[in-house]
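Q: Please take a close look at the salt bridges in this model. I would like the pairs described one at a time, along with the elements that surround them.

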Amino acid sequence: MGFRWRFFLSIALAVLIGAVVEGVLDYSETRQQVVSDITNALEATLNYGQSVVDLESSPPRLLDSPAPPPWRSRLRLFQGGVVQLESGSDFLEGEPLTSASRLLADDKVLEASVDPRFFERPLNERLHSDLLDASYQVAVAVAVALLLASVLLKPIRELTSAVDDLSQQRFPDPVTVPPGNDGFARLARSFNRMSASIKAAMDRERSFTLYASHELRTPLSAIKLQTESLEMGMASTEEVVPVLTQHIDRMQRVLEALLSLAHASEQTAEPISVTSIAVETIRAFPEFQRLRIHLDDRLDTPVKVASPYLVGQAILNLLDNALKYTDDTVTLSLARDGDSITARIRDRGMGVPEKVLDKLTDSFFRFDLHVGGNGLGLALVKHIAQAFGGDLDLRNTENGFEATLQTPVATG
């Protein structure tokens, strides 16, 4: 049996129990009233009998007034256990009777009997009415329970569907959070957080693979080219070793940055001066590109950041992107803005159309297909900025293009 059926049957059962309890209480109350009415009727019948029996005559006789009670009753007068007078309704043998007696003068006893069924009629009518009301209440309760089950269990159905989608790696939209702070609302909020967390983890895993391929392809190609040149005798060991060392160092920095990105919430690297990071990043470029990079360090004192590998990789990608789109000088400015470090990279290129500005950080988006790359450099920078709680801003300027990377200053 499904939860929905159990839900509305439970409501129907609760209503039925309530109706039964109410009926029992009503029946008990009515029963007490019937007992009281019978007792009063016996007392009234005895009073009537005492008023109409003439005890002075011999034998005793009945007077003509007052009028007898409206219910079925019988009067008998006993003396010495012998019936001396009997009046009232004729009761058949076996009919239910309720009797009471009263002692009169000369040891005479007056007995009054009434038919209790006359007084129990309201009790039976009340019982029948309660049973009928209970059946109506249960029927209405079932109908209302079905409606409530459909309305109240809608969040559960939506959540179940979302869980099914999530189990098949189809990330659903956030489920609707019911108003209030009950169990359903807390469950919906917890599911939305869990779904977002799983999606972010899978995005990081997917991005890690893409970015690793992107960032390691260039140094690997250069290393392969240098080793082939060495094998073919086209370059000497003295010429090849420095280039190999340079690209191996770059691969090491890339791997460190990617590992830092994959474990952004578990940063253990010691804070490093952002100026030192910028200098080392510039040294990673070939000499002909280094000559085009101008470092404008506006920091009065050394300022450290807690994610050096991530910051270095982000600055490297921004410089590499700027160098691709201009043959002029690229300026890297470092400044402090409160609790943040600002690394601003400006070039004197043509800029980009405003309509594609927001797409530059999308994976695999390439503005100019004639320029090398696979559209992952700026996407990686954006991902890095989000990982360490920073920000990336891209905009056109009057003289070219500007990328601004903000990263928090290391605390302590």
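A: **Salt bridges and their setting**

There are 12 salt bridges in the structure, a salt bridge being a side-chain nitrogen of Lys or Arg within 4 Å of a carboxyl oxygen of Asp or Glu. The model is predicted, so local features need pLDDT of at least 70 and side-chain atom pairs count only at pLDDT 80 or more, while totals for chains, interfaces and linings use all residues. Residues are numbered from 1 along each chain as its sequence is written, and side-chain values use heavy atoms, with hydrogens and water left out.

One pair belongs to helix 6. Glu280 and Arg283 form a salt bridge with an N to O distance of 3.0 Å. These two residues are 3 apart in helix 6 (residues 274–283), which means that about one helical turn separates them. Helices (H or I, at least four residues) and strands (E, at least two) are DSSP runs numbered from the N terminus. Glu280 is partly exposed at 40% relative accessible area, whereas Arg283, at 53%, is exposed. The classes are buried for under 20% relative accessible area, exposed for over 50%, and partly exposed in between (1.4 Å probe, protein chains only).

Helix 6 also holds Thr275, which counts as buried at 19% relative accessibility. Leaving aside residues up to four places away in sequence, Thr275 touches Asp297, Leu299 and Leu334; contact means heavy atoms within 4.5 Å.

Another salt bridge joins Asp296 to Arg298, with 2.9 Å between the closest N and O atoms. Asp296 is partly exposed, at 22% relative accessibility.

In Asp320 and Lys324, the closest N and O atoms of the salt bridge are 3.6 Å apart. Here the spacing is 4 residues within helix 8 (residues 308–324), so the partners are about one helical turn apart. Both ends are partly exposed: Asp320 has a relative accessible area of 22% and Lys324 has 34%. Elsewhere, Arg344, Arg346, Arg395 and Glu402 are joined into one network by salt bridges that share partners.

The sheet comes next. It is open, has 5 strands in the order 8-10-11-13-12, and its pairing is mixed. Strand 8 (293–297) and strand 12 (391–397) are its edges, each pairing on one side only. Two strands pair if DSSP finds at least two bridges between them. From one strand to the next, the twist averages 15°; axes are lines fitted to C-alpha atoms, for helices over the stretch in contact, and angles run from 0 to 180 degrees between N-to-C directions.

Strand 8 runs parallel to strand 10 (residues 330–337), and the two pair over 5 bridges. Among these positions, Ile293 has Val330 of strand 10 as its bridge partner. Helix 9 (residues 377–387) packs on the sheet, where it touches strand 12 and strand 13 (400–408), and the direction of helix 9 makes about 135° with that of strand 12.

Away from the charged pairs, Leu13, Leu16, Ile17, Val20, Val21, Val24 and Leu25 make a nonpolar surface patch of about 620 Å². Patches are made of residues with over 30% relative accessible area and no salt bridge, like charges being joined within 9 Å and nonpolar side chains (Val, Leu, Ile, Met, Phe, Trp, Tyr) within 5 Å. Accessible areas come from the Shrake-Rupley method with a 1.4 Å probe, and for residues only the protein chains shown count as cover. Val21 is in helix 1 (residues 3–52) and is partly exposed, at 45% relative accessibility.
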